Protein chains: 2
Amino acid sequence: MENTLQYKNLYNRLKKEILADVYPLGSVLPSENELCAASSLARSTVRQALSQLETEGYIVKQKGKGSIVKSKSRALNLLSFHGFSATVEQDEIFTLSVQEPLIQPWPADFFFDLNEIESGAGCIHFSRVRSIDQQPVMFESTYVPNLNLPKFTRQFQLHTSFFEFLGKEYHLEIMGMDQQIWAVAAEAAIATHLQLPIGTPVLKISRKYHTNRPHLHLYSLLFCNTEKYAMSNSSGLVNA
Amino acid sequence: MENTLQYKNLYNRLKKEILADVYPLGSVLPSENELCAASSLARSTVRQALSQLETEGYIVKQKGKGSIVKSKSRALNLLSFHGFSATVEQDEIFTLSVQEPLIQPWPADFFFDLNEIESGAGCIHFSRVRSIDQQPVMFESTYVPNLNLPKFTRQFQLHTSFFEFLGKEYHLEIMGMDQQIWAVAAEAAIATHLQLPIGTPVLKISRKYHTNRPHLHLYSLLFCNTEKYAMSNSSGLVNA
DNA sequence: CAGTGGTCTAGACCACTTT
DNA sequence: AAGTGGTCTAGACCACTGG
């Protein structure tokens with residue numbers, strides 16, 4: 001909210017207006033020049049905001065036409081690094097706590113390599129199951145190096161947005177992500193959490209998040225039931 | 001090759017040099033200002049080239065440090081829209097033709113909605129299996145609207161890069177992609193092609209590619225064996 | 001401290017779409 | 001012809017990293 005980056009302000013405003021149907025599906029956003037004039041920004045700044053909207057699948061740009069609000073599929077746009085809370089309507093979500101935040105050593109067979117700073121610090125670990133319309137969709141297990149994150153275990157509410165909490169509490173921002181994806185058969189624990197028969201194919205996703213603290217990364221292991229909700233992704237070109 | 005876009009030229013040059021170990025893993029690229037001076041380009045043009053390298057996972061940028069060549073995992077970076085040929089070393093690939101290019105009507109239960117132009121045109125369809133080190137990794141079934149693509153069925157060689165062929169033959173470029181991902185149990189046909197037991201979890205990916213012809217899209221359905229090779233993905237922020 | 005990438009400005013010309 | 005987004009220039013100030 002207290003963001004002073006011009007392109008992010010514009011991006012947030014336009015995103016809100018798209019979600020509020022100020023610009024409904026298929027409609028055209030004000031042109032770049034109009035946005036420049038209305039916001040007193042240079043065109044490249046306006047374009048930076050629009051680019052972010054485009055790579056996140058909100059709009060499509062077409063030369064000679066404009067920026068068109070794009071149809072959104074009934075799938076979870078979770079392959080970009082936006083969290084669950086940002087991609088699903090709030091009132092459809094239910095979050096079940098499986099493991100409250102707990103300070104512990106790193107698992108011996110951790111799924112990513114850690115740097116020395118991280119591995120020396122121990123980790124904070126929590127797990128939760130996310131449901132949409134009473135149906136478990138995702139089991140999420142998150143590991144955070146225990147580095148200058150005071151009171152984390154006491155203050156983080158599992159049912160809220162993790163990224164928002166990090167931003168508000170520690171000014172920690174997610175800058176990007178690497179992930180790997182497999183199709184695997186659900187083991188007993190996962191099957192139980194997702195209420196599926198053992199052996200059901202599920203999506204396994206390992207993620208390494210990059211933050212605005214260069215040596216602090218967040219790690220998540222996700223298991224997703226894709227029977228009803230696919231994972232989705234939009235990728236445009238890199239843009240100026 | 002005959003590209004006159006400055007940022008793409010620089011991007012291609014740097015990418016080649018990274019792959020050729022001119023800039024090995026962990027090394028730092030010349031700074032933006034140095035690249036400006038060396039190439040006589042404005043900084044924003046240089047940044048556009050670097051941004052593309054970043055979103056494709058070749059480099060990481062760090063404020064105050066520079067652009068660092070990033071470690072590449074032993075996984076297929078196929079979740080961005082670069083093709084198989086661009087992400088895997090050529091000599092490890094083997095391509096088996098399952099269905100040579102054939103002009104046919106669209107399947108009745110096609111996995112994406114088509115616009116009128118596309119559905120009226122009929123489609124070109126081909127299928128292939130990609131192997132790495134003698135192991136089948138991906139079954140790919142591609143559908144292209146039969147729109148102004150003369151001699152396609154005769155000229156396209158299945159074992160070559162599809163995107164390169166489109167660029168050279170028709171000046172057709174891929175501008176972006178939407179995709180959806182599921183974990184499913186391999187059916188008989190898929191299991192056979194990937195040499196897996198029926199029911200093995202595999203990744204199912206449907207893709208809609210956007211091209212530089214506004215109403216022409218390409219469609220692919222992929223099935224991937226992730227036992228040995230995960231699919232991977234890097235996503236940074238949107239950049240100028 | 002000098003150097004780096006991040007943000008931002010105020011212009012310009014182009015190819016493309018629509019009227 | 002007018003308007004759109006795509007590319008590009010030549011500057012500027014900032015926050016951050018390193019010696």
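Two residues are taken to be in contact if their C-beta atoms, placed from the backbone, lie within 7 Å. With that settled, the α7 helices make a handy way into this predicted model. In chain B, what covers the buried residues of α7(B) includes β5 (135–145) and β6 (174–185) of that chain. The buried residues in question are B:Phe162, B:Phe163 and B:Leu166, from a helix that runs over residues 162–170. They sit on the same side of α7(B), because the arc they cover around the axis is only 100°. Just past the end of α7(B) comes B:His171, with a positive phi of about 55°.

Chain A has its own α7, again at residues 162–170, where A:Phe162, A:Phe163 and A:Leu166 are buried. Here the arc around the axis is only 105°, so these residues also share the same side of α7(A). The cover over the buried residues of α7(A) includes β5 (135–145) and β6 (174–185) of chain A. A:His171 follows just after α7(A), and its phi is positive too, at about 55°.

Stepping back to chain A as a whole, there are eight helices and nine strands, split between domain 1 (6–69) and domain 2 (84–224). Taken over C-alpha atoms, the centres of domain 1 and domain 2 of chain A are 31 Å apart. Of the 240 residues in chain A, 38% are buried. Among contacts in chain A between residues at least 6 apart in sequence, 61% link residues at least 24 apart.

As for confidence, the mean pLDDT of chain A is 87, and 89% of the residues score at least 70. Among the elements of chain A, helix α8 (residues 188–194) has the highest mean pLDDT, 97, while helix α4 (residues 84–87) has the lowest, 72. Where pLDDT is low, the predicted coordinates should not be read in detail.

Next, the DNA. Around DNA strand D there are 24 residues, of which A:Ser31, A:Gly64, B:Gln6, B:Ala42 and B:Gly64 come nearest. Both chains feed this surface: α2 (32–39) and β2 (66–69) of chain A, together with α1 (6–19) and α3 (43–55) of chain B, are the elements that give two or more residues to it. By type, the residues near DNA strand D break down into six nonpolar, eleven polar and seven charged.

DNA strand C likewise has 24 residues around it, and the nearest of them are A:Gln6, A:Ala42, A:Gly64, B:Ser31 and B:Gly64. For this surface, at least two residues each come from α1 (6–19) and α3 (43–55) of chain A and from α2 (32–39) and β2 (66–69) of chain B. The residues near DNA strand C comprise six nonpolar, eleven polar and seven charged.

A few loop residues deserve a look of their own. Most residues other than glycine have a negative phi. A:Asp133, in the loop between β4 and β5 of chain A, has a positive phi near 50°. A:Asp133 counts as exposed because it has 11 C-beta neighbours inside 10 Å, where the limit for exposed is 12 or fewer. A:Lys151 is another non-glycine residue with a positive phi, this time near 65°. The loop that holds A:Lys151 runs between β5 and α6 (152–155) of chain A. With 8 C-beta neighbours inside 10 Å, A:Lys151 is exposed as well.

A:Gly122 occupies the loop between α5 (116–121) and β4 (123–132) of chain A. A:Gly122 is partly exposed because its C-beta neighbours inside 10 Å number 14. Neighbours within four places in sequence aside, A:Gly122 is in contact with A:Ile103, A:Gln104, A:Pro105 and A:Asn146. A:Phe84, on the other hand, is 38 residues from A:Gly122 in sequence and 26 Å from it in space, C-alpha to C-alpha.

Over in chain B, B:Trp106 is found in the loop between β3 (93–104) and α5 (116–121). B:Trp106 has 19 C-beta neighbours inside 10 Å and so counts as partly exposed, the threshold for buried being 20 or more. Beyond its neighbours within four places in sequence, B:Trp106 is in contact with B:Leu114, B:Ser119 and B:Cys123. The last of these, B:Cys123, is 17 residues from B:Trp106 along the chain, with 5.8 Å between their C-alpha atoms.

Key:
Residues are numbered from 1 along each chain as its sequence is written. Chains are lettered from A and ligands numbered from 1 in the order in which they are written. This is a predicted model: local features need pLDDT of at least 70, side-chain atom pairs count only at pLDDT 80 or more; totals for chains, interfaces and linings use all residues. Domain bounds come from an automatic or database domain assignment. Helices (H or I, at least four residues) and strands (E, at least two) are DSSP runs, numbered from the N terminus. A residue is near a molecule or strand if its C-beta atom, placed from the backbone, lies within 6 Å of it. Ala, Val, Leu, Ile, Met, Phe, Trp, Tyr, Cys and Pro count as nonpolar, Asp, Glu, Lys and Arg as charged, and the others, Gly among them, as polar. The arc is that of the directions from the helix axis to the C-beta atoms. pLDDT is the predictor's confidence in each residue, from 0 to 100.
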